[in-house]
Amino acid sequence: MELALFLSVGAIAILGAVGVVTLRNAVHSALSLITNMVALAVLFLMLNAQFVAIVQIIVYAGAVMVLFLFVIMLLGEKAQESRERLPGQRVFAIALGALLLAEIIYVAQPNLLPGLPGKATTDMVAQGGNVQLVGRLLLSDYVFPFELTSVLLLVAIVGAVVLAKRKL
Amino acid sequence: MAETLAIIFVKCGAILVGLLTGFAYMTWVERKVVARIQVRYGPNRVGPFGLMQPVADGLKLLFKEDIMPAQADRLTYILAPAISLIAALMAFAVITIGPAVNLFGREVTLNLADVNVGVLYVLAMASMGVYGIILGGWSTNNKYSFLGGLRSAAQVISYELSLGLSLVGVLLLTGSLRPLDIVQAQGGYWLGFIPRWFIFLQPVGAALFMICAVADVNRAPFDLPEADTELVAGYHTDYSSIKFALFFMAEYINMITMSALTVTLFFGGWQGPLLPPALWFSLKVLVFLFCFVWLRATLPRLRYDRLMGLGWKVLLPLALANVFVTALAVVLKEMYF
């Protein structure tokens, strides 16, 4: 049962990812990306990570992709057709892609990532609740990366304001 | 296992039948109430008090010719109404209409799924439902529809933030996202007669939530994606027959879900004296459905820039302030009492 579910959801996720790069129409590509993200959310759900799954849907499949679609639609089809190419783009893309694939294959070897369970066990989740546990970990063990991320986001916001309002 | 599956199927059926009947009669209620407010009679020809009107409308829509614009993007055109309706139906899965009851010697919870992230799940489904509107507007290749779709995208981004933040206050007070826990935290009375509803502890949060909920389901005065005075009918201009009906269903079912969520979060859910819990819940939901109709009949539509200004410059700062004050109060209470 679980294997069948995993295989089908995984297949949907991969199909979505392939669709993003192969479909001609930019709106269709965005739709494939949404499919991919929702499939990832289901995978999170199967790992008992309900909170992460819902956040994946609200933030990525919801807010981020709505903005993507908004921009794609606003620019219209003309902007999609102009295919600017950097010199040697294809060679670089293939080389970097192959490198990334090699890295993934290397890292995915069983002895490198043994798949040890993390700190939060299933019992802890059942006892303290999914959201509560994530919140506690974020503000205790992972507080430094967490705050660092918020600084990063702040920088992004300031950058966006500066770009949008040059004559402030 | 088989028994559990059977229970799930029965619950799914009950929710489907309940929501679709609710949708059908909501159209009747809306037409009657709006008519009364405008000093008219409303539908009164089909059956007593026009009660068979929804059946007649449904049959009419089913048998209408289904016209697809020649330039439409076929797949997205067909998918869009389905996405809208599926998201609307799925959102109701976590709404809890009463405490667990004992049926035929088994504990049965009165919701489909009792998940740890309940309230967030409703928001997630609401944010999925928007794609129906955006894609519907885009796929028909009609500029009015397209403008409706774009507006919907911008509106949702602006109001979903405040919607999410407005309920953080309630979550801080209960320490849980499960509808069951939230309702149970509102049990009992202050001074023996004031119900301990969160509306009294979170008045700002409740007001923000209700305003954003109206914007989230695209109802007047925030029905900019439809805006029939400027955009013909907005995103569903080029939809006919049953596909149009699916959009219509999604909007009304979202109204029911949002009303149910308001009742759960701020008005004590199913709790009340004398009457059975599920009945109390339905009555409270009906009050808010009436408010939706009342708003539509009373308020003019906002201008688009005003809508954006309200969302970003008024609602969002208020919601953030509400989260800050509530969090401070919760911490102070833990420290000193």
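Select α5(B) and helix α9 (residues 203-216) of chain B in this predicted model, and you will find the two helices packed at an angle of about 150 degrees, with their axes 9 Å apart. Because angles over 145 degrees count as roughly antiparallel, α5(B) and α9(B) are roughly antiparallel to each other. Turn the view until one helix lies in front of the other, and the crossing of α5(B) with α9(B) is left-handed.

To see where the two meet, show the side chains of Q155(B), Y159(B), E160(B), S162(B), L163(B) and S166(B) on α5(B), and then those of G205(B), L208(B), F209(B), C212(B), A213(B), A215(B) and D216(B) on α9(B), since these residues make the contact. Coloured by class, this contact has 7 nonpolar, 4 polar and 2 charged residues.

Keep α5 (143-166) of chain B selected and add α4 (118-139) of chain B, for each of these helices supplies at least two residues of the side of chain B that touches chain A. In that meeting of the chains, 19 residues of chain B are in contact with 18 residues of chain A, and the largest share of chain B's side, 9 residues, comes from α4(B). By class, this side of chain B has 16 nonpolar, 2 polar and 1 charged residues.

Now move across to chain A, whose secondary structure consists of 7 helices and 0 strands. Of its 168 residues, 16% count as buried, and among its contacts between residues at least 6 apart in sequence, 46% join residues at least 24 apart.

Within chain A, select helix α1 (residues 2-22) and helix α2 (residues 26-46), which pack at an angle of about 155 degrees with their axes 7 Å apart; that angle makes α1(A) roughly antiparallel to α2(A). The crossing of α1(A) and α2(A) is left-handed. Among the residues that make the contact are L5(A), F6(A), V9(A) and I12(A) of α1(A), together with L33(A), A39(A), L40(A) and L43(A) of α2(A). Taken by class, the contact of α1(A) with α2(A) has 13 nonpolar, 6 polar and 1 charged residues.

As a last stop, colour chain A by pLDDT, which averages 82 over the chain, with 82% of the residues scoring at least 70. Among the elements of chain A, helix α7 (residues 143-164) has the highest mean pLDDT, 90, whereas helix α5 (residues 122-128) of chain A has the lowest, 67. Where pLDDT is low, the predicted coordinates should not be read in detail.

Key:
Residues numbered from 1 in each chain as written. Chains lettered and ligands numbered in written order. Predicted model: local features only at pLDDT ≥ 70, side-chain atom pairs only at ≥ 80, totals over all residues. Axes fitted to C-alpha atoms, helices over the stretch in contact; angles between N-to-C directions. Helix = DSSP H or I, 4+ residues; strand = E, 2+ residues; numbered from the N terminus. Parallel < 35°, antiparallel > 145°, perpendicular 65-115°, else oblique. Left-handed = near helix turned anticlockwise from the far one by under 90°. Contact = placed C-beta atoms within 7 Å. Nonpolar A, V, L, I, M, F, W, Y, C, P; charged D, E, K, R; others polar. pLDDT = per-residue confidence, 0-100. Buried ≥ 20, exposed ≤ 12 C-beta atoms within 10 Å, placed from the backbone.
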